[in-house]
Amino acid sequence: MLLDGKVALVTGGSRGIGRAIAELFAAQGAKVAINYAGNVKAAEETKAAIEAAGGEALLVQANVADADAVEKMVQTVTDAFGTIDILVNNAGITRDGLLMRMKEDDFDAVINTNLKGVFHCTKTVAKLMMKKRSGHIINMASVVGLIGNAGQTNYAAAKAGVIGFTKSAAKELAARGITVNAIAPGFIETDMTASLPDKVREATLAGIPMKKLGKPEQVATAALFLATDCSSYITGQVIHVDGGMVM
Ligand SMILES: NC(=O)c1ccc[n+]([C@@H]2O[C@H](COP(=O)([O-])OP(=O)(O)OC[C@H]3O[C@@H](n4cnc5c(N)ncnc54)[C@H](OP(=O)(O)O)[C@@H]3O)[C@@H](O)[C@H]2O)c1
C-alpha cells in the first residue's frame, strides 16, 4: 500500500472531495484525521465508511479560520497518531455574488476559510514536518483561481492566493524535505456545485473538452500522487484536474 504507516490530516474531510481523499488515503494504509466544521453527521458517516473498509480514522472538529482551534486540532491529531506526514488543505466554502452586491462579510468569510485556513494549518503542521525533514502538503485551489469567474471575486481571490501561497511555501520548505503542491479542480460533483442552476451547469459543460463533470475520486487520485514518493521531485506545482477546461 502506498501510504502504509503514514498519518494524514485532511481538512474538510467529511464531505465531497475531502471525503474521497480521506477514504482513498485510508484504503492505502494511512491513519487519517478528518477535520470538519460543523456537520457531525457527515463526518461520522465518513469515519464509519473508512472503518468498515478496514481503515483507521479520527474526527477532529475545528474551524480552520481560527488559529487557536487549528493549534488544538493538530495537537489532538499528534496525541492520537504521533505525527503528521501529509496535510491536505481542502476545507473550503463559497459565498457567491456579483461584485456590486457582494457584502464585506461574504468576502471575508471566503478569504478567512479558503486562504487564511491554509496559512494556519500549513504553519502549524510545517513545524512538525521541518523537525522530521519530510512531509507532503497539498492545497486545494481551483481553476477559478487561474481564470476567474463572474460572481466569485471572493473565491477567485482566495484560490489565486492559495496558488501564490503554495509556490512561496514550496520555496521555503523544499530544503527541509517538504513538498508543497496545489490541485486546481474544475467542476466536480459535490454539495458545493449541486445547487448551481441548470443554465450555469450547461454553460460550464460546454467549456469542458471532456464534456463531463469530474468526480471527487478523480481529484483524490491526484492528491494520492502528491502525497507519496511517486512525486518526490515535484514541488510548487499546480496540477489541473478539470477535464481539460484550462490548458
Ligand atoms: N466542487 C468543485 O467543483 C470544486 C472545484 C474546485 C475547487 N474545489 C475546492 O475543493 C475543496 C472541497 O470542495 P467540495 O466541493 O468537496 O466542498 P463541500 O462538499 O462543500 O465540502 C466542504 C468541506 O469543507 C469543510 N469546511 C467548510 N468550512 C470549514 C471550516 N471553516 N473549517 C473546517 N472545515 C470546513 C466542510 O465541513 P462540514 O461538513 O462540517 O461543513 C466540508 O467537509 C474546497 O476547497 C473547494 O473550494 C471544489
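Start by selecting Lys211, which sits in the loop between α8 (198–206) and α9. Helices here are DSSP runs of H or I with at least four residues, strands are E runs of at least two, and both are numbered from the N terminus. The model is predicted: local features need pLDDT of at least 70, side-chain atom pairs count only at pLDDT 80 or more, and totals for chains, interfaces and linings use all residues. Residues are numbered from 1 along each chain as its sequence is written.

**Two loop residues with positive phi**

Stay on Lys211 and check its backbone: phi is near 55°, a positive value in a residue other than glycine. Lys211 counts as exposed because it has 10 C-beta neighbours inside 10 Å. The classes are these: buried means 20 or more other C-beta atoms within 10 Å of the residue's own, exposed means 12 or fewer, and partly exposed lies in between, with C-beta atoms placed from the backbone.

Next select Arg133, in the loop between α4 (104–132) and β5 (135–140). Arg133 also has a positive phi, near 55°, and is not a glycine. With 10 C-beta neighbours inside 10 Å, Arg133 counts as exposed.

**α1 against α9**

Now display helix α1 (residues 16–27) with helix α9 (residues 216–227); their axes come within 8 Å and cross at roughly 55°. Axes are lines fitted to C-alpha atoms, for helices over the stretch in contact, and angles run from 0 to 180 degrees between N-to-C directions. The crossing angle makes α1 oblique to α9. On this scale, angles under 35 degrees are roughly parallel, over 145 roughly antiparallel, 65 to 115 roughly perpendicular, and the rest oblique.

The crossing of α1 and α9 is right-handed; that is, the near helix is turned clockwise from the far one by less than a right angle, whereas anticlockwise would be left-handed. To colour the contact, pick Gly16, Ile17, Arg19, Ala20, Ile21, Leu24 and Phe25 on α1, and Pro216, Glu217, Val219, Ala220, Ala223, Leu224 and Ala227 on α9. Contact means that the C-beta atoms of two residues, placed from the backbone, lie within 7 Å. The set divides into 11 nonpolar, 1 polar and 2 charged residues. Ala, Val, Leu, Ile, Met, Phe, Trp, Tyr, Cys and Pro count as nonpolar, Asp, Glu, Lys and Arg as charged, and the others, Gly among them, as polar.

**α1 against α2**

Keep α1 and add helix α2 (residues 40–52). The axes of α1 and α2 come within 10 Å and cross at roughly 20°, which makes α1 roughly parallel to α2. This crossing is right-handed. Arg19, Ala22, Glu23 and Ala26 of α1 meet Thr46, Ala49 and Ile50 of α2. By type, the contact residues are 4 nonpolar, 1 polar and 2 charged.

Zoom in on Glu23, part of α1. Is Glu23 buried or exposed? Glu23 counts as buried, because it has 23 C-beta neighbours inside 10 Å. Beyond four places in sequence, Glu23 is in contact with Ala49 and Ile50.

**Glu56 in β3**

Move to Glu56, in strand β3 (residues 56–61). Glu56 has 16 C-beta neighbours inside 10 Å and so counts as partly exposed. Not counting residues up to four places away in sequence, Glu56 touches Ala26 and Lys31. For a distance label, use Glu56 and Ala33: they are 23 residues apart along the chain, and their C-alpha atoms are separated by 8.7 Å.

**α4 against α6**

Hide the previous selections and show α4 with α6. Their axes come within 8 Å and cross at roughly 15°, which makes α4 roughly parallel to α6. The crossing of α4 and α6 is right-handed. Contact residues on α4 include Phe107, Val110, Ile111, Leu115 and Phe119, and those on α6 include Tyr155, Val162, Phe165 and Leu173. The residues of this contact divide into 14 nonpolar, 4 polar and 2 charged.

**The largest nonpolar core**

Finish with the core. A nonpolar core is a set of buried Ala, Val, Leu, Ile, Met, Phe, Trp, Tyr and Cys residues joined through C-beta atoms within 7 Å. The largest has 68 residues, of which Ala8, Ile21, Phe25, Val32 and Ala223 touch the most other members. Helix α6 (residues 153–173) gives the most to this core, with 8 residues. Centre on Ala8: beyond four places in sequence, Ala8 is in contact with Phe25, Ala30, Val32, Ala33, Asp85, Ile86, Val88 and Ala227.
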